[in-house]
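The following exercises concern the fold and the burial of one protein chain. Each task is followed by a worked solution.

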Amino acid sequence: MPFTPFHMGPGTAIKAITGRHFSLTIFGFAQVAIDMEPLIRIVRHDSVLHGFTHTYLGAFIIGSLTLFMGKFVCQWLLRTWNAIFNFKYLKWLQVNSHISWVAASTGAFIGTFSHVLLDSIMHADIQPFWPISPNNGLLNFIPGAWVYLLCTILGVIGLMSLFVIGLWNKWAIDIE
Ligand SMILES: [Zn+2]
C-alpha cells in the first residue's frame, strides 16, 4: 500500500482532466486487485508484504487482468447503481455506465503502474524492477507523509473539479 484509498487521489485528478478517456472505477478496481497480495501477506504474518504484484512486471499482468475483468465488473456495478436510482427524483444521480476499451485500458494500466511507483517511494521491501534488478532507486525519494499529503490534495482537487464539471454539464455526471 500506501493505504489503498489514498491511491484514488491521483485517480480522481486524472479523471477530471481526461474525462471519458479514463475509467475511474477500473482505476479503483486495479488498486484493490494489486493490494490483495499485501493484504493476504499481512494476515499470514509474512516478513515481505510487497512481492510480485508490486513490480512493474506484476503491474503489467494485473493491469491486463484488470482490463478485461474490471470492464465487465465495473460496467455491471455502474448499471446496478443506475437501476437503484431509477426513480423520478433520483435520476440526477445516474451516471454513464459504458466504459470504452480506451478508458478501460488507461484506467487499468495507469492504475497499476502508478500504484507501484507510489508504493516504491514508501516501502523498503519493494523491488519494482524484479527480475532485472533488486534495486529500488525511488525508496524515500520524498518522505512518506508527503506522498499521503500529495494524494490527498490531488483527491480533493479532483473531486471538486469533477463536481464543478458535472454541474457545468447540467448534472451529466462522469465518474465511470
Ligand atoms: Zn500497494
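The protein has 6 helices and 0 strands, where helices (H or I, at least four residues) and strands (E, at least two) are DSSP runs numbered from the N terminus. The model is predicted: local features need pLDDT of at least 70, side-chain atom pairs count only at pLDDT 80 or more, and totals for chains, interfaces and linings use all residues. Residues are numbered from 1 along each chain as its sequence is written.

**Exercise 1.** Determine whether helix α2 is enclosed or open to the outside.

*Solution.* Step 1: a residue is buried if 20 or more other C-beta atoms lie within 10 Å of its own, exposed if 12 or fewer, and partly exposed in between, with C-beta atoms placed from the backbone. Step 2: helix α2 spans residues 24-34, and 10 of its 11 residues are buried, so the helix is largely enclosed by the rest of the structure. Step 3: the buried residues include L24, F27 and F29. Step 4: the cover over the buried residues of α2 includes α1 (8-18), α3 (36-43), α4 (56-84) and α5.

**Exercise 2.** Describe the surroundings of T106.

*Solution.* Step 1: T106 lies in helix α5 (residues 101-122). Step 2: T106 counts as buried because it has 20 C-beta neighbours inside 10 Å. Step 3: leaving aside residues up to four places away in sequence, T106 touches H21 and F22; contact requires C-beta atoms, placed from the backbone, within 7 Å. Step 4: S23 is 83 residues from T106 along the chain, yet their C-alpha atoms are separated by 7.1 Å.

Notes
Contact = placed C-beta atoms within 7 Å.
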